[in-house]
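Colleague: Let us go through this model with a few questions about the ligand and the chain around it.

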Amino acid sequence: MDAELAGVRIDTIELRRVHLALVEPFVTAHGTSREREMLLVRVRTDEGDGWGECAAPAEPTYTGEYVEGAHHVVVGHLAPRLLAVPGPVGPGDVARVLAGIRGHRMAKAALEMAVMDAALRAAGLSLAAFLGATRAAVPAGVAVGVTGDVRQLVEAVGRRVAQGYRRVKLKIAPGWDAVPVAAVREAFGLGLLLQVDANGSYALGDPAALQMLDGFGLTLIEQPLAPDDLLGHARLAETLATPLCLDESITSAAVAATALALGACRVVNVKPGRVGGLLEAVRVHDACVAAGVDAWVGGMLETGLGRAANVALAALPGFTLPGDLSASDRWFETDLTEPLRLGPDGCMAVPTGAGVGPVPLDEVLGCATASIEELGRRG
Ligand code: NPG
(Lines give C-alpha, C1' and ligand atoms only; values in the text may rest on other atoms or scores of the structure.)
Protein backbone atom coordinates (compact mmCIF):
# COMPACT_ATOMS: atom_id res chain seq x y z
CA MET A 1 0.00 0.00 0.00
CA ASP A 2 1.23 3.49 -0.83
CA ALA A 3 1.68 5.13 2.56
CA GLU A 4 2.93 8.30 0.86
CA LEU A 5 -0.49 9.42 -0.39
CA ALA A 6 -0.85 13.14 0.34
CA GLY A 7 -3.70 14.23 2.58
CA VAL A 8 -6.53 16.65 1.82
CA ARG A 9 -7.85 19.59 3.83
CA ILE A 10 -11.49 18.91 4.60
CA ASP A 11 -13.70 22.00 4.21
CA THR A 12 -17.14 20.48 4.70
CA ILE A 13 -18.74 17.08 5.19
CA GLU A 14 -22.08 16.46 3.50
CA LEU A 15 -24.39 13.75 4.81
CA ARG A 16 -27.03 12.43 2.47
CA ARG A 17 -29.80 9.99 3.25
CA VAL A 18 -30.79 8.06 0.15
CA HIS A 19 -33.40 5.38 -0.53
CA LEU A 20 -33.17 2.88 -3.37
CA ALA A 21 -35.90 0.34 -4.11
CA LEU A 22 -34.74 -3.29 -4.31
CA VAL A 23 -35.72 -5.21 -7.46
CA GLU A 24 -37.19 -7.93 -5.22
CA PRO A 25 -37.57 -8.39 -1.46
CA PHE A 26 -34.50 -9.91 0.25
CA VAL A 27 -35.38 -12.30 3.09
CA THR A 28 -32.77 -13.32 5.67
CA ALA A 29 -32.79 -14.62 9.25
CA HIS A 30 -33.26 -10.95 10.25
CA GLY A 31 -36.39 -10.26 8.24
CA THR A 32 -37.39 -8.83 4.87
CA SER A 33 -35.82 -5.81 3.11
CA ARG A 34 -37.71 -4.09 0.29
CA GLU A 35 -35.53 -1.04 -0.08
CA ARG A 36 -32.03 0.03 0.84
CA GLU A 37 -31.73 3.15 2.90
CA MET A 38 -28.17 4.49 2.97
CA LEU A 39 -26.11 7.22 4.50
CA LEU A 40 -23.67 8.72 1.99
CA VAL A 41 -20.83 11.02 2.92
CA ARG A 42 -19.25 13.57 0.62
CA VAL A 43 -16.13 15.39 1.79
CA ARG A 44 -15.40 18.66 0.06
CA THR A 45 -11.69 19.37 0.22
CA ASP A 46 -9.07 21.74 -1.13
CA GLU A 47 -8.25 18.99 -3.63
CA GLY A 48 -11.82 18.23 -4.73
CA ASP A 49 -14.64 15.97 -3.53
CA GLY A 50 -14.61 12.41 -2.25
CA TRP A 51 -17.53 10.02 -1.70
CA GLY A 52 -18.03 7.45 1.02
CA GLU A 53 -20.86 5.01 1.62
CA CYS A 54 -21.92 3.90 5.08
CA ALA A 55 -22.85 0.21 5.14
CA ALA A 56 -25.16 0.52 8.15
CA PRO A 57 -28.62 -0.85 7.33
CA ALA A 58 -31.89 0.84 8.33
CA GLU A 59 -32.34 -1.33 11.43
CA PRO A 60 -29.74 -2.57 13.96
CA THR A 61 -30.44 -6.24 13.19
CA TYR A 62 -27.14 -7.26 11.58
CA THR A 63 -24.90 -5.52 14.11
CA GLY A 64 -25.75 -2.67 16.47
CA GLU A 65 -25.19 -0.05 13.76
CA TYR A 66 -28.03 1.48 11.76
CA VAL A 67 -28.54 4.47 9.48
CA GLU A 68 -30.02 6.90 11.98
CA GLY A 69 -27.40 6.00 14.61
CA ALA A 70 -24.56 6.36 12.10
CA HIS A 71 -25.87 9.76 11.01
CA HIS A 72 -26.14 10.83 14.64
CA VAL A 73 -22.60 9.77 15.59
CA VAL A 74 -21.10 11.43 12.52
CA VAL A 75 -22.83 14.73 13.29
CA GLY A 76 -22.18 14.74 17.02
CA HIS A 77 -18.81 13.03 17.38
CA LEU A 78 -16.93 12.01 14.25
CA ALA A 79 -17.26 14.95 11.87
CA PRO A 80 -16.35 17.56 14.55
CA ARG A 81 -13.08 15.70 15.23
CA LEU A 82 -12.16 15.49 11.56
CA LEU A 83 -13.15 19.10 10.87
CA ALA A 84 -11.01 20.23 13.81
CA VAL A 85 -7.83 18.97 12.14
CA PRO A 86 -6.15 22.16 10.90
CA GLY A 87 -4.02 20.65 8.14
CA PRO A 88 -4.36 17.91 5.54
CA VAL A 89 -5.87 14.54 6.49
CA GLY A 90 -4.68 11.38 4.73
CA PRO A 91 -6.68 8.14 4.59
CA GLY A 92 -4.48 6.62 7.31
CA ASP A 93 -5.11 9.60 9.62
CA VAL A 94 -8.89 9.12 9.77
CA ALA A 95 -8.93 6.09 12.10
CA ARG A 96 -6.32 7.76 14.32
CA VAL A 97 -8.29 11.03 14.59
CA LEU A 98 -11.49 9.08 15.37
CA ALA A 99 -9.90 6.52 17.72
CA GLY A 100 -11.27 8.26 20.83
CA ILE A 101 -14.77 7.17 19.82
CA ARG A 102 -15.43 3.48 20.46
CA GLY A 103 -17.25 1.32 17.96
CA HIS A 104 -19.36 2.91 15.18
CA ARG A 105 -17.13 1.22 12.65
CA MET A 106 -19.47 1.60 9.67
CA ALA A 107 -19.74 5.35 10.26
CA LYS A 108 -15.96 5.65 10.58
CA ALA A 109 -15.45 3.51 7.46
CA ALA A 110 -17.67 5.84 5.42
CA LEU A 111 -15.58 8.86 6.43
CA GLU A 112 -12.32 7.03 5.71
CA MET A 113 -13.63 6.00 2.28
CA ALA A 114 -14.61 9.58 1.42
CA VAL A 115 -11.20 10.96 2.44
CA MET A 116 -9.46 8.14 0.57
CA ASP A 117 -11.54 8.81 -2.55
CA ALA A 118 -10.69 12.53 -2.50
CA ALA A 119 -6.97 11.93 -1.84
CA LEU A 120 -6.71 9.24 -4.54
CA ARG A 121 -8.55 11.38 -7.10
CA ALA A 122 -6.16 14.23 -6.36
CA ALA A 123 -3.22 11.86 -6.87
CA GLY A 124 -4.74 10.26 -9.99
CA LEU A 125 -4.45 6.82 -8.39
CA SER A 126 -7.08 4.07 -8.31
CA LEU A 127 -8.27 2.54 -5.05
CA ALA A 128 -7.31 -0.92 -6.29
CA ALA A 129 -3.72 0.15 -6.99
CA PHE A 130 -3.53 1.92 -3.63
CA LEU A 131 -4.77 -1.12 -1.69
CA GLY A 132 -2.41 -3.52 -3.45
CA ALA A 133 -4.71 -5.26 -5.93
CA THR A 134 -3.09 -7.88 -8.12
CA ARG A 135 -6.01 -8.74 -10.43
CA ALA A 136 -7.96 -6.88 -13.11
CA ALA A 137 -11.19 -8.81 -12.48
CA VAL A 138 -12.61 -10.90 -9.64
CA PRO A 139 -15.05 -13.84 -9.65
CA ALA A 140 -18.52 -12.83 -8.48
CA GLY A 141 -20.75 -14.71 -6.08
CA VAL A 142 -24.38 -13.97 -5.40
CA ALA A 143 -26.60 -14.22 -2.32
CA VAL A 144 -30.04 -15.80 -2.60
CA GLY A 145 -32.51 -15.06 0.19
CA VAL A 146 -34.99 -17.30 1.97
CA THR A 147 -37.93 -18.03 -0.36
CA GLY A 148 -39.95 -20.27 1.94
CA ASP A 149 -40.67 -22.52 -1.03
CA VAL A 150 -38.08 -25.00 -2.27
CA ARG A 151 -39.23 -24.93 -5.92
CA GLN A 152 -38.98 -21.12 -5.98
CA LEU A 153 -35.51 -21.34 -4.44
CA VAL A 154 -34.28 -23.77 -7.09
CA GLU A 155 -35.68 -21.44 -9.76
CA ALA A 156 -34.01 -18.41 -8.15
CA VAL A 157 -30.65 -20.20 -7.99
CA GLY A 158 -31.09 -21.36 -11.59
CA ARG A 159 -31.53 -17.75 -12.75
CA ARG A 160 -28.31 -16.69 -11.01
CA VAL A 161 -26.35 -19.67 -12.37
CA ALA A 162 -27.65 -18.86 -15.87
CA GLN A 163 -26.49 -15.25 -15.46
CA GLY A 164 -22.99 -16.61 -14.86
CA TYR A 165 -22.40 -16.15 -11.12
CA ARG A 166 -19.46 -18.27 -10.01
CA ARG A 167 -20.85 -19.29 -6.63
CA VAL A 168 -24.12 -19.12 -4.75
CA LYS A 169 -24.70 -18.31 -1.10
CA LEU A 170 -28.02 -19.41 0.36
CA LYS A 171 -29.46 -17.61 3.34
CA ILE A 172 -30.52 -20.12 5.99
CA ALA A 173 -32.34 -19.96 9.34
CA PRO A 174 -33.71 -22.60 11.71
CA GLY A 175 -36.44 -24.40 9.75
CA TRP A 176 -34.98 -23.35 6.37
CA ASP A 177 -31.73 -25.29 6.04
CA ALA A 178 -31.13 -28.96 5.14
CA VAL A 179 -34.21 -29.38 2.92
CA PRO A 180 -33.61 -26.35 0.65
CA VAL A 181 -29.84 -27.00 0.56
CA ALA A 182 -30.45 -30.64 -0.46
CA ALA A 183 -32.81 -29.50 -3.22
CA VAL A 184 -30.28 -27.02 -4.64
CA ARG A 185 -27.51 -29.63 -4.53
CA GLU A 186 -29.71 -32.15 -6.30
CA ALA A 187 -30.71 -29.66 -8.99
CA PHE A 188 -27.23 -28.29 -9.74
CA GLY A 189 -24.83 -31.05 -8.65
CA LEU A 190 -21.56 -30.81 -6.79
CA GLY A 191 -20.05 -28.62 -9.54
CA LEU A 192 -21.84 -25.57 -8.12
CA LEU A 193 -19.78 -23.69 -5.53
CA LEU A 194 -22.36 -23.44 -2.76
CA GLN A 195 -22.25 -21.96 0.74
CA VAL A 196 -24.78 -20.97 3.39
CA ASP A 197 -25.17 -17.97 5.71
CA ALA A 198 -27.12 -18.25 8.97
CA ASN A 199 -26.53 -14.68 10.22
CA GLY A 200 -26.06 -15.98 13.77
CA SER A 201 -29.52 -17.55 13.98
CA TYR A 202 -28.62 -20.98 15.49
CA ALA A 203 -27.92 -22.03 19.10
CA LEU A 204 -24.94 -24.16 20.09
CA GLY A 205 -27.22 -26.30 22.24
CA ASP A 206 -28.88 -27.62 19.10
CA PRO A 207 -26.12 -28.53 16.64
CA ALA A 208 -28.18 -31.24 14.90
CA ALA A 209 -29.56 -28.93 12.20
CA LEU A 210 -26.07 -27.67 11.37
CA GLN A 211 -24.65 -31.20 11.37
CA MET A 212 -27.31 -32.13 8.81
CA LEU A 213 -25.67 -29.59 6.46
CA ASP A 214 -22.34 -31.35 6.69
CA GLY A 215 -22.96 -33.85 3.92
CA PHE A 216 -23.68 -31.39 1.09
CA GLY A 217 -20.15 -30.45 0.06
CA LEU A 218 -20.63 -26.81 1.06
CA THR A 219 -17.64 -24.48 0.72
CA LEU A 220 -18.46 -23.07 4.15
CA ILE A 221 -21.14 -22.41 6.74
CA GLU A 222 -21.16 -18.70 7.61
CA GLN A 223 -21.86 -17.27 11.06
CA PRO A 224 -24.05 -20.04 12.50
CA LEU A 225 -23.95 -18.71 16.09
CA ALA A 226 -24.20 -15.31 17.77
CA PRO A 227 -21.46 -12.80 16.88
CA ASP A 228 -19.80 -12.75 20.31
CA ASP A 229 -19.66 -16.54 20.70
CA LEU A 230 -16.14 -17.30 19.47
CA LEU A 231 -15.72 -20.29 21.82
CA GLY A 232 -19.06 -21.69 20.72
CA HIS A 233 -17.93 -21.50 17.10
CA ALA A 234 -14.65 -23.23 18.01
CA ARG A 235 -16.59 -26.06 19.72
CA LEU A 236 -19.04 -26.35 16.84
CA ALA A 237 -16.17 -26.45 14.33
CA GLU A 238 -14.89 -29.62 16.02
CA THR A 239 -18.14 -31.41 15.19
CA LEU A 240 -18.28 -30.40 11.50
CA ALA A 241 -16.22 -31.29 8.44
CA THR A 242 -17.46 -28.18 6.58
CA PRO A 243 -15.32 -25.09 7.31
CA LEU A 244 -16.94 -22.39 9.44
CA CYS A 245 -16.67 -18.81 8.20
CA LEU A 246 -17.21 -15.78 10.42
CA ASP A 247 -18.80 -12.49 9.37
CA GLU A 248 -20.57 -10.52 12.13
CA SER A 249 -18.00 -11.76 14.72
CA ILE A 250 -15.02 -10.23 12.89
CA THR A 251 -14.91 -6.57 13.85
CA SER A 252 -11.16 -5.95 13.48
CA ALA A 253 -7.87 -7.58 12.48
CA ALA A 254 -7.25 -8.30 16.19
CA VAL A 255 -10.55 -10.18 16.52
CA ALA A 256 -9.80 -12.05 13.28
CA ALA A 257 -6.45 -13.17 14.70
CA THR A 258 -8.18 -14.27 17.94
CA ALA A 259 -10.89 -16.19 16.06
CA LEU A 260 -8.29 -17.96 13.92
CA ALA A 261 -6.10 -18.79 16.93
CA LEU A 262 -9.13 -20.25 18.75
CA GLY A 263 -10.18 -22.34 15.76
CA ALA A 264 -13.52 -20.49 15.67
CA CYS A 265 -13.31 -20.30 11.86
CA ARG A 266 -11.25 -21.48 8.93
CA VAL A 267 -12.54 -18.81 6.51
CA VAL A 268 -13.12 -15.08 7.00
CA ASN A 269 -15.70 -12.82 5.36
CA VAL A 270 -14.17 -9.33 5.16
CA LYS A 271 -16.42 -6.28 4.95
CA PRO A 272 -14.79 -2.84 5.13
CA GLY A 273 -17.75 -1.31 6.99
CA ARG A 274 -17.90 -3.98 9.66
CA VAL A 275 -14.19 -3.65 10.51
CA GLY A 276 -14.02 0.16 10.44
CA GLY A 277 -12.67 0.85 6.98
CA LEU A 278 -10.76 -0.30 3.94
CA LEU A 279 -7.37 -0.01 5.64
CA GLU A 280 -8.45 -2.28 8.51
CA ALA A 281 -9.98 -4.63 5.91
CA VAL A 282 -6.54 -4.93 4.33
CA ARG A 283 -5.13 -5.77 7.77
CA VAL A 284 -7.77 -8.50 8.19
CA HIS A 285 -6.77 -9.77 4.74
CA ASP A 286 -3.13 -9.80 5.83
CA ALA A 287 -4.03 -11.73 9.03
CA CYS A 288 -5.78 -14.36 6.87
CA VAL A 289 -2.77 -14.62 4.54
CA ALA A 290 -0.44 -14.99 7.56
CA ALA A 291 -2.66 -17.75 8.98
CA GLY A 292 -2.98 -19.45 5.59
CA VAL A 293 -6.79 -19.36 5.59
CA ASP A 294 -9.26 -18.48 2.85
CA ALA A 295 -10.93 -15.08 2.82
CA TRP A 296 -13.54 -13.34 0.68
CA VAL A 297 -15.18 -9.94 0.48
CA GLY A 298 -18.76 -9.75 1.71
CA GLY A 299 -21.49 -7.36 0.61
CA MET A 300 -24.14 -5.29 2.38
CA LEU A 301 -26.42 -4.32 -0.47
CA GLU A 302 -24.08 -1.48 -1.35
CA THR A 303 -24.79 0.93 -4.18
CA GLY A 304 -22.29 1.13 -7.03
CA LEU A 305 -20.07 3.31 -4.85
CA GLY A 306 -19.54 0.85 -2.00
CA ARG A 307 -19.65 -2.09 -4.39
CA ALA A 308 -16.85 -0.64 -6.55
CA ALA A 309 -14.73 -0.26 -3.40
CA ASN A 310 -15.49 -3.87 -2.43
CA VAL A 311 -14.47 -5.10 -5.89
CA ALA A 312 -11.18 -3.18 -5.65
CA LEU A 313 -10.51 -4.73 -2.23
CA ALA A 314 -11.41 -8.21 -3.50
CA ALA A 315 -8.62 -7.95 -6.09
CA LEU A 316 -6.00 -8.40 -3.33
CA PRO A 317 -4.24 -11.77 -3.60
CA GLY A 318 -5.42 -13.22 -0.28
CA PHE A 319 -9.09 -13.11 -1.28
CA THR A 320 -9.13 -16.69 -2.44
CA LEU A 321 -12.90 -17.29 -2.66
CA PRO A 322 -15.55 -15.44 -4.74
CA GLY A 323 -17.12 -12.57 -2.83
CA ASP A 324 -20.68 -11.22 -2.54
CA LEU A 325 -19.88 -8.92 -5.45
CA SER A 326 -22.94 -9.16 -7.62
CA ALA A 327 -23.84 -6.69 -10.35
CA SER A 328 -25.99 -3.61 -9.74
CA ASP A 329 -29.03 -5.27 -11.35
CA ARG A 330 -29.03 -8.04 -8.70
CA TRP A 331 -30.33 -5.48 -6.22
CA PHE A 332 -31.35 -2.25 -7.92
CA GLU A 333 -33.44 -1.24 -10.91
CA THR A 334 -31.44 1.98 -10.96
CA ASP A 335 -28.12 2.14 -9.16
CA LEU A 336 -26.69 5.44 -7.92
CA THR A 337 -23.72 5.11 -10.26
CA GLU A 338 -23.28 3.77 -13.76
CA PRO A 339 -24.32 0.13 -13.29
CA LEU A 340 -21.64 -2.38 -12.39
CA ARG A 341 -22.13 -5.32 -14.75
CA LEU A 342 -21.29 -8.99 -14.54
CA GLY A 343 -18.76 -9.96 -17.22
CA PRO A 344 -19.43 -12.93 -19.50
CA ASP A 345 -16.93 -14.97 -17.45
CA GLY A 346 -18.84 -14.39 -14.20
CA CYS A 347 -16.31 -11.81 -13.06
CA MET A 348 -16.56 -8.16 -12.07
CA ALA A 349 -14.00 -5.82 -13.60
CA VAL A 350 -11.89 -3.97 -11.04
CA PRO A 351 -12.42 -0.21 -11.48
CA THR A 352 -9.36 1.52 -12.93
CA GLY A 353 -10.40 5.18 -12.64
CA ALA A 354 -8.95 7.50 -10.03
CA GLY A 355 -10.26 7.09 -6.48
CA VAL A 356 -13.06 4.59 -5.95
CA GLY A 357 -13.92 4.98 -9.64
CA PRO A 358 -17.67 5.46 -10.12
CA VAL A 359 -19.47 8.53 -8.74
CA PRO A 360 -23.20 9.01 -8.08
CA LEU A 361 -25.11 10.19 -11.15
CA ASP A 362 -26.66 13.60 -10.42
CA GLU A 363 -30.14 12.74 -11.62
CA VAL A 364 -30.41 9.41 -9.80
CA LEU A 365 -28.87 10.92 -6.69
CA GLY A 366 -31.38 13.78 -6.75
CA CYS A 367 -34.34 11.39 -6.98
CA ALA A 368 -32.99 9.05 -4.30
CA THR A 369 -32.08 11.75 -1.77
CA ALA A 370 -34.39 12.19 1.23
CA SER A 371 -32.26 14.74 3.10
CA ILE A 372 -28.95 16.59 3.00
CA GLU A 373 -26.99 18.01 5.91
CA GLU A 374 -23.79 19.98 5.48
CA LEU A 375 -21.27 20.18 8.32
CA GLY A 376 -18.55 22.82 8.25
CA ARG A 377 -15.62 24.03 10.28
CA ARG A 378 -16.35 26.02 13.40
CA GLY A 379 -15.27 29.66 13.66
O1 NPG B 1 -24.46 -8.94 -2.33
O2 NPG B 1 -24.44 -7.13 -1.18
C3 NPG B 1 -24.76 -8.29 -1.34
C4 NPG B 1 -25.57 -8.96 -0.25
C5 NPG B 1 -24.90 -10.10 0.40
O6 NPG B 1 -26.25 -11.41 1.84
C7 NPG B 1 -25.55 -10.44 1.71
N8 NPG B 1 -25.33 -9.58 2.72
O9 NPG B 1 -25.50 -10.95 5.98
O10 NPG B 1 -23.87 -10.77 4.58
C11 NPG B 1 -25.03 -10.53 4.93
C12 NPG B 1 -25.93 -9.71 4.02
C13 NPG B 1 -26.22 -8.32 4.53
C14 NPG B 1 -26.95 -7.45 3.74
C15 NPG B 1 -25.80 -7.86 5.75
C16 NPG B 1 -27.24 -6.14 4.17
C17 NPG B 1 -26.09 -6.58 6.19
C18 NPG B 1 -26.81 -5.72 5.40
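Colleague: Which residues around the ligand come nearest?

Modeller: This is a predicted model. The ligand has 17 residues around it. Those that come nearest are K171, N199, K271, G299 and L301.

Colleague: Which residue has a backbone N or O atom 2.9 Å from an oxygen atom of the ligand?

Modeller: Polar contacts to ligand oxygen atoms come from side chains as well as backbone here, with a cut-off of 3.5 Å. K271 places a polar side-chain atom 2.8 Å from one oxygen atom, and a side-chain N or O atom of R307 is 3.0 Å from an oxygen atom. The backbone atom at 2.9 Å belongs to L301.

Colleague: How much of the accessible area of the ligand does the protein cover?

Modeller: On its own, the ligand has 440 Å² of accessible area. The ligand sits in the largest pocket. The protein covers 94% of that area.

Colleague: How many residues of the shell around the ligand are charged?

Modeller: The shell also holds six nonpolar and three polar residues. The charged residues number eight.

Colleague: What is the radius of gyration of the protein chain?

Modeller: The chain has 14 helices and 13 strands. For 379 residues the globule rule gives 21 Å, and the chain comes close to that, so it is as compact as a globular protein of that length. Its radius of gyration is 20 Å.

Definitions and conventions:
Residues numbered from 1 in each chain as written. Predicted model: local features only at pLDDT ≥ 70, side-chain atom pairs only at ≥ 80, totals over all residues. Heavy atoms only, no water. Near = heavy atom within 4 Å. Polar contact = N/O pair within 3.5 Å; in protein donor to acceptor, adjacent residues only side chain to side chain. Areas by Shrake-Rupley, 256 points an atom, 1.4 Å probe, with all protein chains shown as cover. 1 Å grid on protein atoms, 1.4 Å probe; cavity = no way out; pocket = protein on both sides within 12 Å on 5 of 7 lines; lining within 4 Å. Sits in = over half its atoms within 2 Å of the grid points. Nonpolar A, V, L, I, M, F, W, Y, C, P; charged D, E, K, R; others polar. Helix = DSSP H or I, 4+ residues; strand = E, 2+ residues; numbered from the N terminus. Rg over C-alpha atoms; globule rule 2.2 N^0.38 Å.
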